[in-house]
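User: I am learning how the words used to describe a protein structure are justified. Please take me through some of them, setting each value against its definition.

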Amino acid sequence: MATDPEASPQHPATHAWGPAGDARRAAETAGEAGEAGVLARILPSARPSAAAIVPTGDDAAVLAAPEGRYVVTTDLMVEGPDFRRAWHEPHDLGWKACASNLADIAAMGARPTALVVALALPDETPMPWIEAFGAGVGACLESLAPDAGVVGGDLSTAGQVLVSVTAFGDLEGRPAVLRSGARPGDVVALAGDAGRSASGLAALFAGQVAGCSTADGERVGAGAPWPRVREATPPIGGGQRQAEPAGTGAAGRIVAERFAAVLRAQFAPSPPIAAGATAAVAGATAMMDVSDGLLLDATRLARASGVTVELESAALAGDVEWLAAVPGPDGEPIGASAALERCLAGGEDHALLATFPPGAALPPPFRRIGAVARGATGADAAADGTTSPVRVDGVPRAARGWDPYAGR
Ligand SMILES: Nc1ncnc2c1ncn2[C@@H]1O[C@H](COP(=O)(O)OP(=O)(O)OP(=O)(O)O)[C@@H](O)[C@H]1O
Ligand SMILES: Cc1ncc(C[n+]2csc(CCOP(=O)(O)O)c2C)c(N)n1
Ligand SMILES: [Mg+2]
């Protein structure tokens with residue numbers, strides 16, 4: 001029988017994954033609770049989807065697809081290469097798994113409607129960890145896609161945590177915005193941040209974050225200890241895991257704020273999901289989310305469209321200036337040149353990269369970062385034979401960014 005979402009207590013605003021409440025319940029693990037027990041504890045907090053005709057609880061959900069098409073995407077996050085349970089709080093992890101999928105739906109110009117959430121968990125996973133994960137999914141939906149909800153999922157057991165989220169979206173009658181639609185003369189625009197999440201990740205690997213340090217940043221994957229159970233729900237993105245003391249006075253405050261912001265970007269990114277549909281309405285010719293880095297993802301868009309993407313570093317000056325004050329491993333600001341590299345090659349901010357026809361008014365929060373030019377003709381190839389379809393200030397740039405198999 002389908003569960004009645006109306007009867008369920010919905011997405012509590014805060015959620016403790018610590019020893020708050022009954023100590024016995026808090027100490028319970030997935031192995032002790034069993035599948036039915038885990039479901040009984042996480043389903044009540046699953047945000048219902050307005051598009052669900054049959055919600056979670058049956059063999060499959062039934063979703064409305066009002067116009068005969070729907071958008072679907074999936075994203076797998078594996079403990080080790082994609083996150084560490086010693087770094088990423090469960091609430092943040094649920095948020096991030098949700099946000100990265102919503103960004104792919106938004107990047108098609110669609111409005112997210114529903115998620116399917118599959119989890120593989122070690123038997124010794126504390127129940128409050130699982131509940132906090134579910135609450136993170138709900139909090140992300142509430143903040144970034146309030147119409148969307150969870151319509152199903154699956155549970156299994158594994159030696160490490162695996163999170164697989166599938167998301168659905170509604171094009172509301174519009175054509176989808178593909179990667180392949182950019183035309184010479186179009187404006188290149190970005191909505192969202194660049195380089196922030198990668199800066200948070202760099203700080204984690206460098207051991208700059210109290211409570212997250214793994215000495216020299218050695219890989220901690222399967223078998224990592226569950227982090228200490230916390231007293232209260234940490235705020236999204238960082239929680240009690242803070243920067244090392246960053247000095248005093250106004251300058252120190254800015255450094256501390258920026259440090260907290262880059263960690264927040266890594267732990268719980270907030271891409272501008274509604275901007276995807278807005279961009280489509282405003283006539284975006286091509287769009288994608290920047291998951292692996294601006295250079296790499298712009299290369300994909302340029303290749304799909306058969307064009308050259310000309311990025312202007314001056315248009316990224318605001319992002320670079322903001323990021324330049326973030327402290328590196330020596331405690332000193334990383335500076336403008338490292339900041340520009342992070343803006344160009346850093347992944348996981350899930351900003352929306354889009355192209356618009358010349359003269360189109362860019363819908364906020366999109367801002368111009370460059371222009372589309374003709375594709376390489378052969379005469380454009382550099383002396384060494386490289387023919388990158390992405391240039392920064394006129395210089396062809398290699399497609400730097402995240403590759404899961406290269407681990408960078
Ligand atoms: N195992 C697979 N089988 C079929 N298609 C796949 C598979 N893995 C990836 N794809 C497809 O390849 C394309 C590129 O995938 P990729 O994960 O790089 O980008 P993406 O879907 O935009 O995700 P993200 O934004 O999270 O990086 C997508 O269209 C994706 O659906
Ligand atoms: C522990 C740890 N190591 C490395 C990373 C970096 N990382 C993982 S996935 C990804 C890009 C998006 O992936 P996809 O394209 O599969 O959605 C990046 C940049 C991380 N977050 N945590
Ligand atoms: Mg994508």
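Analyst: A good place to begin is α2, whose buried residues pack against β4 (111-121), α4 (127-144) and β5 (149-157). This is a predicted model, in which local features need pLDDT of at least 70 and side-chain atom pairs count only at pLDDT 80 or more, while totals for chains, interfaces and linings use all residues. Residues are numbered from 1 along each chain as its sequence is written, and chains are lettered from A and ligands numbered from 1 in the order in which they are written.

User: Which residues of α2 are the buried ones, and what makes a residue buried?

Analyst: In α2 they are Ala-30, Val-38 and Ile-42. A residue is buried if 20 or more other C-beta atoms lie within 10 Å of its own, exposed if 12 or fewer, and partly exposed in between, with C-beta atoms placed from the backbone. The name α2 itself follows from a rule, by which helices (H or I, at least four residues) and strands (E, at least two) are DSSP runs, numbered from the N terminus. By that rule the protein chain has ten helices and 13 strands.

User: How do you know that α2 is short of the span of a straight helix?

Analyst: The expected span is 1.5 Å times one less than the number of residues. Helix α2 (residues 30-42) has 13 residues, and a straight helix would reach 18 Å, but the end C-alpha atoms of α2 are only 11 Å apart. There is also a bend of about 75° in α2 at Ala-36, where a bend is the angle between axes fitted to the seven residues ending at a residue and the seven starting there.

User: Why is Asp-292 called buried?

Analyst: Asp-292 has 20 other C-beta atoms within 10 Å, so it counts as buried. Its place is in the loop between β8 (286-290) and α8 (294-305). Leaving out residues up to four places away in sequence, Asp-292 touches Asp-297, Gly-347, Gly-401 and Trp-402; two residues are in contact if their C-beta atoms, placed from the backbone, lie within 7 Å.

User: What makes Glu-124 exposed, and which residues does Glu-124 touch?

Analyst: Glu-124 has 11 C-beta neighbours inside 10 Å, and therefore counts as exposed. Glu-124 sits in the loop between β4 and α4 and touches Thr-29 and Gly-31, again not counting residues up to four places away in sequence. Glu-124 and Gly-31 are 93 residues apart in sequence, yet 6.0 Å apart in space, C-alpha to C-alpha.

User: Which residues surround ligand 1, and how do they divide by kind?

Analyst: Around ligand 1 are Thr-73, Asp-75, Ser-100, Asp-104, Asp-289, Ser-291 and Asp-292, where a residue is near a molecule or strand if its C-beta atom, placed from the backbone, lies within 6 Å of it. This shell has no nonpolar, three polar and four charged residues. Ala, Val, Leu, Ile, Met, Phe, Trp, Tyr, Cys and Pro count as nonpolar, Asp, Glu, Lys and Arg as charged, and the others, Gly among them, as polar. β3 (71-78) and α3 (90-107) each give at least two residues to the shell.

User: What does the shell around ligand 2 contain, and which residues come nearest to ligand 2?

Analyst: The shell around ligand 2 holds five nonpolar, three polar and five charged residues. Of these 13 residues, Asp-82, Ser-291, Gly-347, Glu-348 and Trp-402 come nearest. Glu-348 is buried because 24 other C-beta atoms lie within 10 Å, and its phi is near 75°, a positive value in a residue other than glycine.

User: What are the domains of the protein chain, and how many residues does each give to the contact between them?

Analyst: The assignment gives domain 1 (11-170) and domain 2 (179-199 + 269-396), with bounds that come from an automatic or database domain assignment. The contact takes 14 residues from domain 1 and 16 residues from domain 2. On the side of domain 1 that touches domain 2, α3 gives the most, with eight residues. Within α3 lies Asp-92, which is called buried because 30 other C-beta atoms are within 10 Å.
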